[in-house]
Amino acid sequence: MGKAFWRILPLILIAYLFAYMDRVNVSFAATQMNEDLRFSATIYGLGGGLFFLGYALFEIPSNLMLVRFGARRWIARIMITWGLLSAGMMFVATPMQFYALRFLLGVAEAGFYPGVIFYFSGWFPPCHRSRAVSRFFIASPLASVAMGGMSGWLLALDGTGGLHGWQWLFLVQGLPTVVFGLVVLRYLPDAPATSAWLTADEKAWIETELAREQARIGAPARHDVLGAFRNPRVLLLGAIGFLLIAVITTVILNAPLILLEATALDPKSIGYLVALGGLLGAAAILVLGNHADRNGDRWGAAFRCGIVLAAAVLIMGLSPSPLLTCIAYLAFATVCFAIPMLTSSGWAEALHVRELAVGAAAINTLSQIGAFLAPYGWGAAKDATGSFELALVAFSVIALLMSALILVLRHRLRGHSAPADAVPA
């Protein structure tokens, strides 16, 4: 596992860092772009959400292609196409162009995250999987660190070379993804059986441990697309993801705007605050990933983080104090990435390997529909009320409902079988 961690995780971590940066750098660009292009909150919300519609519609086809062509080739293809499209955001001039490019960016990135989860299921047994997922999932908060640290400086290039600051942001944060896609194509290993750096005994151990997990789960009756959407566990996981991603994505897409309105900080200071939140989130992912592997209870940890998430969003909506708003945002940033890390690393506990590729894509499809609908509703509420208060209160309720569903799933999985093998302390 040590060999696999060092050969695989640095590549996936950097790839996901670029993915997350290209997905949400529009949140920083919006502080200039919306004014320059005269985009209302509704236009911005719809454009922000259309990324996730494209992502959702092409999740399952993309994961089927990953199984057919192999993770190395398909992940590299995803990175190269989304990097080009992300850089192309610098040419947006109208709402329709904004909508089209955000949708196409989602199509290009579709399948990346569930593809990685499926890929990990063929490498890491359950007693190592949360740590593996956590080691690449810290790319999400680290992307916040990178964006927070550099976005203010890129926006300050406004007028340089005849470009707006937000155009520089898209260009500089998009093109490196294309280059790293070529690195992934060259160096990412496909599977344990074809890896020369594993011994025969090491390959046999991985195969035996993964077979034990599949025997515990039991073979599925069906593992096609329709079967996935009829699977109660897939539907419950999809409902959790729908609510979770709706809250996390929408708040992240609007965090610089929320903080700008509530605190009167300048864009660089807000960038540093977002970067601090990213560091806290990275630490939480590592700590909770290790803890979940040791005690085998990913879902209990996810529930507790969900309660913190709901409270933080509620305080951000109702707080009269700029300082309290900043503290609530940092609490939100600390747990918001840890929850999907914990839940997605538990997908392989709930689904047989033969239904995992399609099942993971189906779960993520349902999740991304929430990310498509929520930003538009958020923007409409902002335009109607003139503030973020109503939307933040509503999203805290959604986070509470998501937490309740996590408890339901935890109870069902524990009733079916013993928790996944835990690593002795």
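**Exercise 1. Is Q167 buried or exposed, judged by its relative accessibility?**

Solution. The model is predicted, with local features requiring pLDDT of at least 70 and side-chain atom pairs pLDDT 80 or more, whereas totals for chains, interfaces and linings use all residues. Residues are numbered from 1 along each chain as its sequence is written, and side-chain values use heavy atoms, with hydrogens and water left out.

Begin by locating Q167 in helix α10 (residues 165-187), where helices are DSSP runs of H or I with at least four residues, numbered from the N terminus. Next, apply the cut-offs: buried means under 20% relative accessible area, exposed over 50%, and partly exposed in between, with a 1.4 Å probe and protein chains only. Q167 has 13% relative accessibility and therefore counts as buried. Finally, look at its side chain, of which a polar atom lies 2.8 Å from the backbone oxygen of M90.

**Exercise 2. Determine how the buried residues of helix α4 are arranged about its axis.**

Solution. List the buried residues of α4 (residues 59-69), which are E59, I60, S62, N63 and L66. Seen down the helix axis, these buried residues fall within an arc of 160 degrees, taken from the directions from the axis to the C-beta atoms, so they line one face of α4. The background is that an α-helix has 3.6 residues a turn, so residues three or four places apart point the same way. After the helix comes G70, whose phi is positive, near 100 degrees.

**Exercise 3. Describe the largest cavity and the residues that line it.**

Solution. On a 1 Å grid over the protein atoms alone, a cavity is a set of points where a 1.4 Å probe fits but cannot get out, and lining residues have an atom within 4 Å of a point. Points are joined across faces, edges and corners, and a volume is the space filled by probe spheres set on them. The structure holds four cavities of 30 Å³ or more, and the largest has a volume of about 320 Å³. Of the 25 residues lining this largest cavity, Y16, R23, F137, I245 and P340 are the closest to its centre. The elements giving two or more residues to that lining are α1 (2-24), α13 (232-263), α17 (338-345) and α19 (353-385), and the largest share, eight residues, comes from α13. As a last step, sort the lining by class: 16 residues are nonpolar (Ala, Val, Leu, Ile, Met, Phe, Trp, Tyr, Cys and Pro), eight are polar (the others, Gly among them) and one is charged (Asp, Glu, Lys and Arg).

Note on methods:
On a 1 Å grid over the protein atoms alone, a cavity is a set of points where a 1.4 Å probe fits but cannot get out, and a pocket is an open set with protein on both sides within 12 Å along at least five of seven lines; lining residues have an atom within 4 Å of a point. A polar contact is a pair of N or O atoms within 3.5 Å; within protein, one must be able to donate a hydrogen and the other to accept it, and residues adjacent in sequence count only if both atoms are side-chain atoms.
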